[in-house]
Amino acid sequence: MDNYCIYGINGPVVTIKGATSFSMMEMVYVGEEKLVGEIIGINDKFTTVQVYEDTTGLKPGDPITGTNAPMNVLLGPGILNNIFDGIERPLSEIEKSEGAFISRGSQVSSLDTEKLWDVTVTVKVGDVLQRGKIYATLPETDIITHKCMVPPTLSGKVTFVAQNGQYKLNDTIVKIVDDNNIEHELTLCQKWPIRTPRPVKERLSASVPLITGQRVIDTLFPVSKGGTAAIPGGFGTGKTMTQHQLAKWCDADIIVYVGCGERGNEMSQVLQEFSELIDPKNNCPMTYRTTLIANTSNMPVAAREASIYTGITLAEYYRDMGYNVAIMADSTSRWAEALREISGRLEEMPAEEGFPAYLPSRLSEFYERGCRAQVFCGKEGSVTIIGAVSPQGSDFSEPVTQNTKRFTRCFWALDKSLAYARHYPAINWMDSYSEYFTDLDPWFEENLGNDFIEYRKQISALLAEESRLMEIVKLIGADVLPDDQKLVIETAKVIRVGFLQQNAFHKEDTFVPLNKQKLMMKTILYLHQKAKHITNAAIPISRIIETGLFDKLTKMKYDIPNDKLEMFDEYIAEIDEKIALITQ
């Protein structure tokens with residue numbers, strides 16, 4: 001390792017004068033306290049280091065020590081049911097030894113090196129292991145089996161296998177000899193550079209939806225497993241709440257939640273909610289399949305920039321075991337602000353609104369790491385990325401939102417007026433879109449029938465027609481509209497309040513299976529068609545409204561339990577009965 005001295009300090013940016021032997025993106029230790037840093041610029045006069053900890057107290061002449069390795073994270077059992085900071089330091093362990101705040105240069109191991117794991121070895125001497133192959137398994141939590149894999153850079157023949165039993169993180173489980181006759185020891189863990197995507201055997205098409213149980217998402221704006229989605233919205237519109245709900249209920253096997261630059265009380269709310277929530281799939285605590293990365297707004301800004309790379313690397317690691325992983329990044333705007341601050345200290349030429357010119361490429365690097373793939377262990381896994389964006393003043397024309405739209409295929413635009421009207425989720429059905437319909441429609445057709453797709457089209461058409469009519473209503477009032485147009489407004493109201501609006505705190509409404517979503521659409525559209533025949537026969541729409549059918553359908557999301565879908569037949573029969581009375 002090489003040692004050099006600090007020449008200049010500018011916030012988290014430290015410079016070394018003169019030529020050095022450091023390489024780009026090399027991890028280094030800065031100062032006597034060994035603060036973690038990374039080489040981000042090299043020329044013949046200066047080497048620039050980005051420090052991921054508070055640089056208060058550093059001074060020129062302090063040493064800088066190289067590691068000859070890139071910035072990396074430790075991957076192994078113990079990641080789940082844990083909470084880390086932006087550079088994978090375990091906050092719960094730091095709290096035990098150092099208190100509520102992280103001391104500078106903290107050297108606590110990312111994972112518990114003393115804990116014993118019940119290991120089952122799955123290979124034998126003489127086996128040839130290719131990269132990504134599983135050589136041992138262990139129960140990481142009660143619901144997730146951890147699979148120890150050959151690192152993507154290695155392959156070779158097995159020369160030693162440990163017996164099944166209890167082992168620590170760094171104990172040798174398997175030894176292999178590669179083609180160059182070099183022996184490698186495989187333990188329960190491995191390291192991987194956070195800025196390098198982990199390779200896969202084959203990327204697959206986005207043909208399987210991520211089921212969230214949120215009607216506005218699953219029906220109108222679905223996202224695929226391995227897909228990318230953005231949730232932009234101003235302050236108070238429910239970005240974090242929506243991501244919490246997706247993390248709780250989506251059908252991913254593992255959740256990685258990255259709190260990037262968010263307020264500390266929001267992260268404590270996440271911790272409290274997740275620790276109390278029981279996973280409906282297996283009646284175990286939600287934390288058993290969740291890992292949290294907390295880099296709050298008062299933590300060093302440079303570590304905020306690294307946090308989403310740490311999160312996506314952890315997600316890729318579990319994807320390579322054959323799991324479906326969903327990563328929630330909240331929020332990428334705070335991450336972009338960290339880029340802007342560091343870029344300013346580096347005196348780089350600013351682009352729009354002061355963000356660096358490389359903002360689009362950094363966003364694309366992050367979102368492109370989401371995929372559904374055939375992995376080297378022979379299974380299929382996916383990483384679905386859902387990133388929140390916090391445009392100031394709900395201005396979707398600002399650079400982070402616009403560039404995010406370029407690299408995501410799903411856009412759930414949160415509306416301030418809907419949020420203030422207590423409409424949850426506050427996803428605006430006119431501004432949002434999904435580009436996954438072509439990929440996902442074959443799955444919906446096979447599992448729910450072609451009528452599901454037809455219902456979705458009709459629901460979307462009614463909402464678009466209502467939006468057009470409301471512009472007229474604002475000018476001349478609703479009374480002058482003909483009855484067929486009044487019917488559109490009444491039906492769209494049922495869709496908005498009874499279908500799109502969802503109560504996260506109601507037992508039956510917090511998560512809704514796709515079959516119920518389909519039957520809700522079918523019932524609403526059935527009433528609309530029956531009422532349309534009535535208005536075409538010159539019978540006033542007020543007669544239909546007096547029956548109370550529209551109000552009843554608005555409340556069916558609460559009145560029909562998720563396990564009693566046969567009750568929809570009773571609703572259809574009641575519609576027929578009351579419509580028949582009107583036409584007599």
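This passage describes strands, sheets, a helix pair, cysteines and selected residues of one predicted model.

The model is predicted, and local features were considered only at pLDDT of at least 70, side-chain atom pairs only at pLDDT 80 or more, while totals for chains, interfaces and linings use all residues. Residues are numbered from 1 along each chain as its sequence is written, and side-chain values use heavy atoms, with hydrogens and water left out. Helices (H or I, at least four residues) and strands (E, at least two) are DSSP runs numbered from the N terminus.

In the N-terminal part of the numbering, strand S4 (residues 26–30) pairs with strand S5 (residues 35–42) in the antiparallel sense over four bridges; two strands are taken to pair if DSSP finds at least two bridges between them. Within this pair, Tyr 29 is placed opposite Val 36 of S5. The two strands form a hairpin with four residues between them, and Gly 31 in the turn has a positive phi of about 80°. On leaving S5, the chain passes through three residues in a further hairpin to S6. S5 and strand S6 (residues 46–51) are joined by five bridges, again in the antiparallel sense, and Gly 41 stands opposite Thr 48 in S6. Strand S5 is mostly covered, with six of its eight residues buried; buried denotes a relative accessible area under 20%, exposed over 50%, and partly exposed the range in between (1.4 Å probe, protein chains only).

Val 30 belongs to strand S4. Its relative accessible area is 0%, so Val 30 counts as buried. Not counting residues up to four places away in sequence, Val 30 touches Ile 6, Leu 35, Val 49, Val 51, Leu 58, Pro 63 and Ile 64, where contact means heavy atoms within 4.5 Å. Val 30 and Tyr 52 are separated by 22 residues in sequence, and their C-alpha atoms are 9.9 Å apart in space.

A second residue examined for its surroundings is Arg 89, located in the loop between strand S9 (82–84) and helix H1 (91–98). Arg 89 is also buried, at a relative accessible area of 9%. With neighbours within four places in sequence left aside, its contacts are Glu 53, Ile 83, Phe 84, Ile 94, Ile 102, Ser 103 and Ser 106.

Two open sheets of four strands were then considered. Strands of a sheet pair through backbone hydrogen bonds, either parallel or antiparallel. One sheet has the order S13-S12-S10-S15, with antiparallel pairing. Its edge strands are S13 (145–149) and S15 (165–167), each of which pairs on one side only. Neighbouring strands of this sheet are turned by 40° against each other on average, direction ignored. Strand S12 (residues 134–139) runs antiparallel to S13 and is joined to S13 by five bridges; in this pair Leu 138 stands opposite His 146.

The other sheet has the order S11-S14-S16-S17, and the pairing is antiparallel. Here the edges are formed by strand S11 (128–129) and strand S17 (183–186), each pairing on one side only. Inside the sheet, four bridges connect strand S14 (residues 156–161) with strand S16 (residues 174–177), the two running antiparallel. Phe 160 is found opposite Lys 175 in S16.

The structure holds zero disulfides, a disulfide being a pair of cysteine sulfur atoms within 2.5 Å. Cys 148 is in no disulfide, and the nearest cysteine sulfur, that of Cys 189, is 8.7 Å away. Cys 148 is buried, with a relative accessible area of 2%. For Cys 371, the closest cysteine sulfur is in Cys 377 at 13 Å, too far for a bond. Cys 371 likewise counts as buried, at 4% relative accessibility.

Helix packing was examined for H13 (residues 514–536) and H17 (residues 567–583), whose axes come within 10 Å and cross at roughly 5°. H13 is therefore roughly parallel to H17. Axes are lines fitted to C-alpha atoms, for helices over the stretch in contact, and angles run from 0 to 180 degrees between N-to-C directions; angles under 35 degrees count as roughly parallel, over 145 as roughly antiparallel, 65 to 115 as roughly perpendicular and the rest as oblique. Residues of H13 in the contact include Leu 519, Tyr 526 and Lys 530, and those of H17 include Phe 568, Ile 575 and Asp 576. The residues of this contact divide into eleven nonpolar, two polar and three charged. In this grouping Ala, Val, Leu, Ile, Met, Phe, Trp, Tyr, Cys and Pro are nonpolar, Asp, Glu, Lys and Arg are charged, and the others, Gly among them, are polar.
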